[in-house]
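Here are a few exercises to work through with the structure open. Try each one yourself before you read the solution.

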Amino acid sequence: MTYTAFDRTLVLIPVRMASTRLPGKPLADIAGLPMIVQVAKRAEEANVGRIVVAVDHQDIFDVVKAAGFEVVMTREDHQSGSDRIFEALTKADPDGKVEYVINVQGDLPTVEADVVRASLKPLLDSPQTDIATLTVEITDEHEKTNPNVVKIVGSPLSDTRLKALYFTRATAPYGNGPLYHHIGLYAYRRTALEKFVTLGPSVLEKRESLEQLRALEAGMRIDAEIVASVPLGVDTPADLEKARAILSSRGL
């Protein structure tokens, strides 16, 4: 399946060389390929738009280019991932033809194509939506009280979508009912990304250490598509082994 918005969509994969818990993470071998190349291949499988990898180190640049993917060099001193993808957008699409930008993090080598595609659906379905993201209903009791698991407080729009009202590290909302684990994979309207990067850090963003609150505080609308599972983010050697096992089980 190819989305009708394919020619207007850019999938940006930001990646940085620096990693304290897993040095050289983007180049770590997974099933015979560097991790960043595996992420690009997952994005390619989603078949939603042109793919560009945004890097901050020549070694990553060379590896991505050798694998046949488009790559741009970005500054090393960006304060946020959003700033990095905006710089990459301006370099990859200086004429402004792109309308939708999907931000797939460079440490998701096992992310499924359906999950990447799901991130774009709220933007295509609703012109009022500025930013789209993903969420999963929490089933692990420990996650409900874990501050490292970001929760999305949202108003149901359908059985598969929430309108985001707040993001928090606390256990919320109160009372009976499902809690939702936020997945940090975003799709932006180009105009929304352009606005977002002009905003300074907001009060609640700084309090919760959650960048997406900046958009909500500025009156921007974020909708979240509900998916089946949380993609594995590779941050530690143990995560790396899990990713290797997952791709091996898929025959990749």
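**Starting from one glutamate**

In this predicted model, Glu87 is in contact with Met73, Thr74, Arg75 and His78, leaving aside its neighbours within four places in sequence.

**Exercise 1.** Work out whether Glu87 is buried or exposed.

*Solution.* Start with the cut-off: buried means under 20% relative accessible area. Next, take the value for Glu87, which is 13%. That falls under the cut-off, so Glu87 counts as buried.

**Exercise 2.** Place Glu87 in its helix, then find what covers the buried residues there.

*Solution.* Step one: Glu87 lies in helix H3. Step two: H3 runs over residues 81–92 and reaches 16 Å from its first C-alpha to its last, close to the 16 Å expected for its 12 residues. Step three: list the buried residues of H3, which are Ser82, Arg84, Ile85, Glu87, Ala88, Leu89 and Ala92. Step four: look at the cover, which includes strands S1, S4, S5, S6 and S10 along with helix H7.

**Exercise 3.** Zoom out and check the protein chain against a compact globule.

*Solution.* First, the parts: the chain has 10 helices and 11 strands. Then the size: for 252 residues, a compact globule would have a radius of gyration near 18 Å, and the chain has 17 Å, so the two agree. Now the inside: buried residues make up 52% of the chain. Last, the contacts: of those between residues at least 6 apart in sequence, 68% join residues at least 24 apart.

Notes
Residues are numbered from 1 along each chain as its sequence is written. This is a predicted model: local features need pLDDT of at least 70, side-chain atom pairs count only at pLDDT 80 or more; totals for chains, interfaces and linings use all residues. Side-chain values use heavy atoms; hydrogens and water are left out. Helices (H or I, at least four residues) and strands (E, at least two) are DSSP runs, numbered from the N terminus. The expected span of a helix is 1.5 Å times one less than its number of residues. Buried means under 20% relative accessible area, exposed over 50%, partly exposed in between (1.4 Å probe, protein chains only). Contact means heavy atoms within 4.5 Å. The radius of gyration is taken over C-alpha atoms; the globule rule is 2.2 Å times the number of residues to the power 0.38.
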